[in-house]
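User: Please pick out one part of this structure and go over it closely. I'd like to hear how its pieces fit together, told in plain language.

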Amino acid sequence: DGAGTVGLPELEVLGIPIAYESSGTSIRFEFDRGGLIHRFDLMLEDDLLNGTCTTSEPALELDVSLVRTDDSRPYTSEEIRFRSDVELAGTLSVPKSPGPHAGIALMHGSGDNERWWRTYYADFFARQGLAVVFFDKRGNGDSGGNWRDVGFEPLARDGIAALDYLAARPDIRQDALGFWGISQAGWIMNFAATLSDRVRFLIVTSGATVNVEEEGYYDYRGRMQDAGYSEAEQQQMMAILKQDYHVTRTGEGYDELRALV
């Protein structure tokens, strides 16, 4: 038994930490990719690991074959620390090709996020010739602070601090810095662009085009439709949700919420 990392580029996974169990020529491990559990049951045959991968939802069983490959990369990586209002820990990847390079910071979605979730994307951008900063979200991994205690502005300033770190390096172009981010980062990166002139571009993956409250309603109604609830039932549940949001935002209307529930 031991620990290691696994890379499955087809699943946009690179460097995810795993703990594995081994016995003779068999090896078993699993990892969580955004709530989807992948379990591998493999046998060593020659220089291949052959076997199956089962997933939790949707429930699938796939035949897989893993091969050891050359992991040389056209960039260097180093551990870094930089400051926002808290100290943040991350990794900087810089292409080996001549600079100066454009720079990009990878921004987080909601919830807990350690940097290794972004290793695949960091690898991708570094191979395109960009210097990449990807870091542990505040309160995760080796970064200080706690994202649960703050709103969007401190998270936006964490991203700006990453760009400031890049801009201070002589091998990075100060006029070509920006963000890539997913989900909640669609709001945070846009906010950061209003706070700093360093932000010259944004790459938004699955980011909302409405405010947070409206996105919540859209998501909840979609889930109800998928579950087969009638229009009347959907309207009833939406009334509860909207009152719940009102109570959360203002601290008022709790008795009305209890009555609806």
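Analyst: What follows starts with one helix pair, moves to another, and ends with some backbone spots in the loops.

First, some housekeeping: this is a predicted model, where local features need pLDDT of at least 70 and side-chain atom pairs count only at pLDDT 80 or more, while totals for chains, interfaces and linings use all residues. Residues are numbered from 1 along each chain as its sequence is written, and side-chain values use heavy atoms, with hydrogens and water left out.

Let's begin with H5, residues 231–250 (helices are DSSP runs of H or I, at least four residues, and strands are runs of E, at least two, numbered from the N terminus). H5 has 20 residues and stretches 28 Å from its first C-alpha to its last, close to the 28 Å expected at 1.5 Å a residue (1.5 Å times one less than the number of residues). Its partner is H4, residues 212–227, and the two axes come within 10 Å and cross at roughly 150 degrees (axes are lines fitted to C-alpha atoms over the stretch in contact, with angles from 0 to 180 degrees between N-to-C directions). That makes H4 roughly antiparallel to H5 (over 145 degrees; under 35 is roughly parallel, 65 to 115 roughly perpendicular, the rest oblique).

As for who touches whom (contact is heavy atoms within 4.5 Å), H4 brings Glu213, Gly216, Tyr217, Tyr220, Arg221, Met224 and Gln225, while H5 answers with Glu231, Gln234, Met237, Met238, Leu241, Lys242, Tyr245 and Arg249. Sorted by type, the contact of H4 with H5 has seven nonpolar, three polar and five charged residues (Ala, Val, Leu, Ile, Met, Phe, Trp, Tyr, Cys and Pro are nonpolar, Asp, Glu, Lys and Arg charged, the others, Gly among them, polar).

The buried residues of H5 are Gln234, Met238, Leu241, Gln243 and Val247 (buried is under 20% relative accessible area, exposed over 50%, partly exposed in between, with a 1.4 Å probe and protein chains only). Their cover includes H4 and helix H6 (254–260). Just past H5 sits Gly251, with a positive phi near 75 degrees.

Now for the other pair. H2 (residues 152–167) has 16 residues that should span 22 Å at 1.5 Å a residue, and its end C-alpha atoms are 23 Å apart, which agrees. Its axis comes within 8 Å of that of H3 (residues 185–195), and they cross at roughly 70 degrees. So H2 is roughly perpendicular to H3. H2 supplies Phe152, Glu153, Leu155, Ala156, Arg157 and Ile160, and H3 supplies Trp187, Ile188, Phe191, Ala192 and Leu195. That contact of H2 with H3 divides into nine nonpolar, no polar and two charged residues. Buried residues of H2 include Leu155, Ala156 and Ile160.

Last, the loops. Most residues other than glycine have a negative phi, and most peptide bonds are trans. Asp46, not a glycine, has a positive phi of about 55 degrees; Asp46 lies between strands E4 (36–45) and E5 (48–55) and, at 80% relative accessibility, counts as exposed. Ser206 also has a positive phi of about 55 degrees without being a glycine, and sits in the loop between strand E12 (199–205) and H4. At 60% relative accessible area, Ser206 is exposed. The Gly99 to Pro100 peptide bond is cis, with omega near 5 degrees, and Pro100 is in the loop between strands E8 (87–95) and E9 (101–107).
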